[in-house]
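Biologist: I've got a new chain on my screen and I'd like to talk it through with you. Could you help me read it, one question at a time?

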Amino acid sequence: MNWREDFDESLLDQEALAYLVEYELDDPAAGITQRVITHGLSVLTEKQLHVFKKYVVDEWLNQKCQCGNHSVEGDELIGLWVNDGYCGRCADRMEKDARRGT
Ligand SMILES: [Zn+2]
């Protein structure tokens, strides 16, 4: 598969992946992600890579902030997942704006 060559491995933040394993993923995606955390992508079989790409990379890692202005990487993704699609920074800013508006 070609995507691995183009794949930005900086997306594979340990903390973000561990969060997914803990809270979001079911097997087999959870087991495969756990393997990526401990051993990296290179140990996965083609089939496992396919599952990882489909259920983890596409669904969780390739996300942009809802503000539409920037992409989100690494452990900032966790903020995105817990703040309804906004990164921690945007969520903070919106909260401050909301407070100022009242
Ligand atoms: Zn943002």
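Biologist: Let's start simple: in what order do the elements of the chain run, from the N terminus on?

Modeller: Keep in mind that this is a predicted model. The chain has six helices and zero strands. So there is nothing but α to list, because only DSSP runs of helix or strand get a place in the order. From the N terminus on, the order reads α-α-α-α-α-α.

Biologist: What box do the C-alpha atoms of the chain fill, and what share of the residues count as buried?

Modeller: Taken along the principal axes, the C-alpha atoms fill a box of roughly 55 × 25 × 20 Å. For burial, a residue needs 20 or more other C-beta atoms within 10 Å of its own. Of the 102 residues of the chain, the share that passes is 19%.

Biologist: Now the packing. Are α2 and α3 roughly parallel or antiparallel?

Modeller: Their axes are 9 Å apart, and the angle between them is about 155°. Angles over 145 degrees count as roughly antiparallel. The crossing of this pair is left-handed. So α2, set against α3, is roughly antiparallel.

Biologist: How do the residues of that contact divide into nonpolar, polar and charged?

Modeller: On the α2 side you find Q14, L17, A18, L20 and V21, and they meet A30, T33, Q34, V36 and I37 of α3. Sorted by type, the residues of the contact of α2 with α3 come out as seven nonpolar, three polar and no charged.

Biologist: Q14 and Q34 are both in that list. Where do they sit, and is Q14 buried or exposed?

Modeller: Q34 lies in helix α3, while Q14 is found in helix α2. In sequence they are 20 residues apart, and their C-alpha atoms are 9.5 Å apart in space. Q34 has 17 other C-beta atoms within 10 Å, so it is partly exposed. Q14 has 12 such atoms, and 12 or fewer is the cut-off, so Q14 is exposed.

Biologist: And what about α3 and α4: how is α3 placed relative to α4?

Modeller: Helix α3 covers residues 29-39 and helix α4 covers residues 46-61. They pack at an angle of about 105°, with axes 9 Å apart. Anything from 65 to 115 degrees counts as roughly perpendicular. So α3, set against α4, is roughly perpendicular.

Biologist: Which residues of α4 make that contact?

Modeller: From α3 come A29, I32, T33 and V36. The residues of the contact of α3 with α4 split into seven nonpolar, two polar and no charged. The α4 side is made by Q48, V51, F52, Y55 and V56.

Biologist: Which helix supplies the largest share of the largest nonpolar core?

Modeller: In soluble globular proteins, nonpolar side chains tend to be buried together. Here the largest nonpolar core has 18 residues, and L20 and V56 have the most contacts inside it. At least two residues come from each of α2, α3, α4 and α5. The largest share, four residues, comes from α4.

Biologist: Which residues is L20 in contact with, leaving aside its neighbours within four places in sequence?

Modeller: Remember that L20 is one of the two residues with the most contacts inside that core. Its partners farther along the sequence are L25, T33, V56 and W60.

Biologist: Any oddities in the loops? Which residues does the cis peptide bond join?

Modeller: Look in the loop between α2 and α3, where P28 has its place. The omega angle there is about 5°. The cis peptide bond joins D27 and P28.

Biologist: In the loop between α5 and α6, is D84 buried or exposed?

Modeller: D84 has a positive phi of about 55° although it is not a glycine. There are 8 C-beta neighbours inside 10 Å, so D84 counts as exposed.

Biologist: Last one: Y86 is in that loop too. How far is its C-alpha atom from that of C65?

Modeller: Y86 has 19 other C-beta atoms within 10 Å, so it is partly exposed. Not counting residues up to four places away in sequence, Y86 touches C65, Q66, C67, L80, A91 and M94. Y86 and C65 are 21 residues apart along the chain, yet their C-alpha atoms are separated by 5.0 Å.

Definitions and conventions:
Residues are numbered from 1 along each chain as its sequence is written. This is a predicted model: local features need pLDDT of at least 70, side-chain atom pairs count only at pLDDT 80 or more; totals for chains, interfaces and linings use all residues. Axes are lines fitted to C-alpha atoms, for helices over the stretch in contact, and angles run from 0 to 180 degrees between N-to-C directions. Angles under 35 degrees count as roughly parallel, over 145 as roughly antiparallel, 65 to 115 as roughly perpendicular and the rest as oblique. Two residues are in contact if their C-beta atoms, placed from the backbone, lie within 7 Å. Ala, Val, Leu, Ile, Met, Phe, Trp, Tyr, Cys and Pro count as nonpolar, Asp, Glu, Lys and Arg as charged, and the others, Gly among them, as polar. A nonpolar core is a set of buried Ala, Val, Leu, Ile, Met, Phe, Trp, Tyr and Cys residues joined through C-beta atoms within 7 Å. A crossing is left-handed if the near helix is turned anticlockwise from the far one by less than a right angle, and right-handed if clockwise.
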